[in-house]
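User: Could you take a close look at one helix of this protein, setting out what is buried along the helix and what packs against those residues? Please place that helix in the context of the whole chain as well.

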Amino acid sequence: MALMIQIGMSTSCVYPLSLEHAFRLAAQAGFDGVEVMITEDPATRSVTELEALSRRYELPVLSVHAPVLPFTQFVWGTDPALKLERSAELAIELGATTVVVHPPYRWQPRYARRFMEHVDEVSGDYRGEVAVEHMFPLSLGPLSVGAFSPGWDPIASGARATTLDFSHAALAGRDSLELAMAAGGRLRHVHLCDSTGAGHTDEHLVPGRGTQPVAEVLQYLGQRGWNGSLIAEVATRGAGSEAERIAMLSETVAFGRTHVAIGRSRRQSTAV
């Protein structure tokens, strides 16, 4: 029996639209579930509201993304350790199996020193998986600055579970297929998008519209029998209409399913 790869949509795809808007568009585009990005919107932290939306649109919450972005710096206080713990608690209550978190910033040295240890503790305490996301160095003109500690690459930092983001790989000047293969069994979560890496911009394009080997990675995962989650994290803010936004999301989920299926068919043909 083939292992299922679920393809979900991050609520960040339609930010700053409402959480209900995100669930509705995910259902219309044909996703299997959602990843909730914790933001300043209290609904993203409410078990009651999230469970109601999940039932209404028949979409499970597959994962929770901890509040790590600058505009969420005061969500659940300012302690990054507490933010991760609250995210894991929310995930457990919603039945989500994965929490996504970014490495600490360099200006959080105290937490950075025990970050990987804390990630392992949270994974054990909440019986879930905390997948540390690949990030990227920041570019200041000709200079490259390491903004994350212990580093932007969770594999090099010793993370047991990681999240691959194609747009971040492009900004880091890395080939995402090489990153996926280097991660091996530690790759547990993928943010499905694309990027050209141009202009040092975190583009989060629809897959296939950039230069990262997104199709090859998905085929590789399908052929491997990988059983993590693919979560669309594409920027639709520039869509000219609701119909265009839905078309971008539908194209993303179709791209994912097509290339995972190609990989699975290769796996089956070699098993015969």
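Analyst: What follows starts with the whole chain, turns to helix α5, and then adds helix α8 and a strand residue.

This is a predicted model, in which local features need pLDDT of at least 70 and side-chain atom pairs count only at pLDDT 80 or more, while totals for chains, interfaces and linings use all residues. Residues are numbered from 1 along each chain as its sequence is written, and side-chain values use heavy atoms, with hydrogens and water left out.

The protein chain has 9 helices and 10 strands, these being DSSP runs numbered from the N terminus (helices: H or I, at least four residues; strands: E, at least two). The radius of gyration of the protein chain is 18 Å, which agrees with the value near 19 Å that a compact globule of 272 residues would have; this radius is taken over C-alpha atoms, and the globule rule is 2.2 Å times the number of residues to the power 0.38. Of the 272 residues, 53% are buried, where buried means under 20% relative accessible area with a 1.4 Å probe, protein chains only. Among contacts (heavy atoms within 4.5 Å) between residues at least 6 apart in sequence, 75% join residues at least 24 apart.

In helix α5, which spans residues 115-125, the buried residues are Phe115, Met116, His118, Val119, Val122 and Ser123. They lie on the same side of α5, because they cover an arc of only 160° around the axis, the arc being that of the directions from the helix axis to the C-beta atoms. Packed against these buried residues of α5 are two helices, α3 (80-94) and α4 (109-113), together with two strands, β4 (98-101) and β5 (129-133). Just after α5, Arg127 adopts a positive phi of about 55°.

Helix α8 (residues 214-224) can be read in a similar way, with Val214, Ala215, Val217, Leu218, Gln219, Leu221 and Gly222 buried. The elements that cover them include the strands β8 (162-165), β9 (187-192) and β10 (229-232), and the helices α6 (166-171), α7 (176-183) and α9 (242-271). Gly225, which follows α8, has a positive phi near 80°.

Strand β9, one of the elements covering α8, contains His191. His191 counts as buried because its relative accessibility is 0%. Leaving aside neighbours within four places in sequence, His191 is in contact with Glu35, His65, Val100, Glu133, Thr163, Leu164, Asp165, Phe166, Ile231 and Glu233.

Terms used. Buried means under 20% relative accessible area, exposed over 50%, partly exposed in between (1.4 Å probe, protein chains only).
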